[in-house]
Every structure is written in C-alpha cells, then in structure tokens.
Amino acid sequence: MNKFLIVGLGNVGSEYAGTRHNIGFDIANVFVHKHNGSFTNDRYAGVSAIKIKGKPVTCIVPTTFMNLSGKAVKYWMDKQGVPINHVLIIADDIALPLSKLRLRPSGSDAGHNGLKSVQEVLGTADYPRLRFGVGNNFPKGMQVDFVLGKWFENEIPLVKLKIEKSVELIESFVVSGIEKTMNLYNKLEITL
C-alpha cells in the first residue's frame, strides 16, 4: 500500500497564526479540510488521516516548534511506515518570490530551521519538499521579524490563491508522483 505523509511546518501558538513562517500549517489545514478531515492532538503533532483516490495520507502539523520538526516527521514516518520519497515537507521560503511554488525531491535547508531539523533527524537532505515563496520584502537584518510577521494586507488574496494551488500540488504529488507534479507547478507564475 502506498502511504503518504504530508507535513506542514509552523509554530504552535496564537501569536504565530497567520504569519509567513506558518504557511505550512495553513496549507495543511486547508488540505485536510478540503478532504473532510480534521486534526487530533497526538504525539509531537496534530494528526489527520485522509484518503486521496484510495491512497492513505497522514497529514501532520508538528507541535514541537519549528526547530524540532524533525522529531515529529521521523516519529510519524516510522509509525505509519511511510517511505521517504512519499513524505512531503511544506515550508516558507524567502529566496522565492510570492508568485512562486517550488517542489523538489531533495535540496539544502537554505537556512530554514524546520528543514534543518528534518535533515538532521532523518540524516539526509533527500526528501521531497514544497517551498512556498514568501518574498524578501524586508530591510537588511530584519529577516526574523519578516518571517514571523503577518502577511501584508495586499498580499492576502494572492496567498489564499497560492494555498489553493499548493493543495492541488499535494493532491498531484500523491496521485501522479513528484516528476509530473514538478513539471506542472514549478514554472507557474501565480498572480491574481
């Protein structure tokens, strides 16, 4: 049976809700809701089990805080018996403009603490990840404030559209595989 694990990265707590760094949580929530699922609190994460075209998908939002995300990923991979190429980690990325999504089968953590933790715990950078471009509209030295900040009012309609596209991308990843999904989404310029 081809099982999948979808991981939306973020930080727990109302002060982090709606911030750029929590886009993984937001995408996971919309994805699970679309498939009539809901999250229950379990070990290291909020967890939801859904099916897409008969394929079992476990979706988690780690409750470990961003810099310990790897702990939750490893636990649920092992518990569900999900192979690493069927894991998809969703994270924000300041190196990509707001109009872009980027799906990759592997890569560096690019200074992202959540991805860094996943790489350390899994002992490899060879795991699929969806990078959600948040842009880099911040003054030098203000990166942390930017990623932990809320979206600008004028960005919200585009962010909502990109979340919908991200959900479609996840569905394609599960149903059609990573290669086909990368071809469909990596070149997209998402605009209103």
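**Exercise 1. State how much accessible surface the protein has and what share of that surface belongs to carbon and sulfur atoms.**

The accessible surface of the protein amounts to about 9,100 Å², and 52% of this area belongs to carbon and sulfur atoms; the areas come from the Shrake-Rupley method with a 1.4 Å probe, and for residues only the protein chains shown count as cover. The model is a predicted one, in which local features need pLDDT of at least 70 and side-chain atom pairs count only at pLDDT 80 or more, while totals for chains, interfaces and linings use all residues. Residues are numbered from 1 along each chain as its sequence is written, and side-chain values use heavy atoms, with hydrogens and water left out.

**Exercise 2. Describe the order of the secondary structure elements and judge the compactness of the protein from its radius of gyration.**

Begin with the elements: the protein has six helices and seven strands, where helices (H or I, at least four residues) and strands (E, at least two) are DSSP runs numbered from the N terminus. Their order from the N terminus is β-α-β-β-β-α-β-β-α-β-α-α-α. The radius of gyration is 15 Å, close to the 16 Å that the globule rule gives for 192 residues, so the protein is as compact as a globular protein of that length; the radius is taken over C-alpha atoms, and the rule is 2.2 Å times the number of residues to the power 0.38.

**Exercise 3. Work out which parts of the chain the salt bridge between lysine 34 and glutamate 171 ties together, and whether each residue is buried or partly exposed.**

A salt bridge requires a side-chain nitrogen of Lys or Arg within 4 Å of a carboxyl oxygen of Asp or Glu, and the side chains of lysine 34 and glutamate 171 meet at 3.0 Å, N to O. Lysine 34 belongs to helix H1 (residues 23-34) and glutamate 171 to helix H5 (residues 156-176), so the pair ties together parts that are 137 residues apart in sequence. With a relative accessible area of 47%, lysine 34 is partly exposed, whereas glutamate 171, at 14%, is buried; buried means under 20% relative accessible area, exposed over 50%, and partly exposed in between (1.4 Å probe, protein chains only).

**Exercise 4. Locate the salt bridge between arginine 131 and aspartate 93 and give the accessibility of both residues.**

The two side chains, of arginine 131 and aspartate 93, meet at 2.4 Å, N to O. Arginine 131 lies in strand E7 (residues 129-133) and aspartate 93 in strand E5 (residues 87-93), so that the pair links distant parts of the chain, 38 residues apart. Arginine 131 is buried, with a relative accessible area of 18%, and aspartate 93 is buried as well, at 7%.
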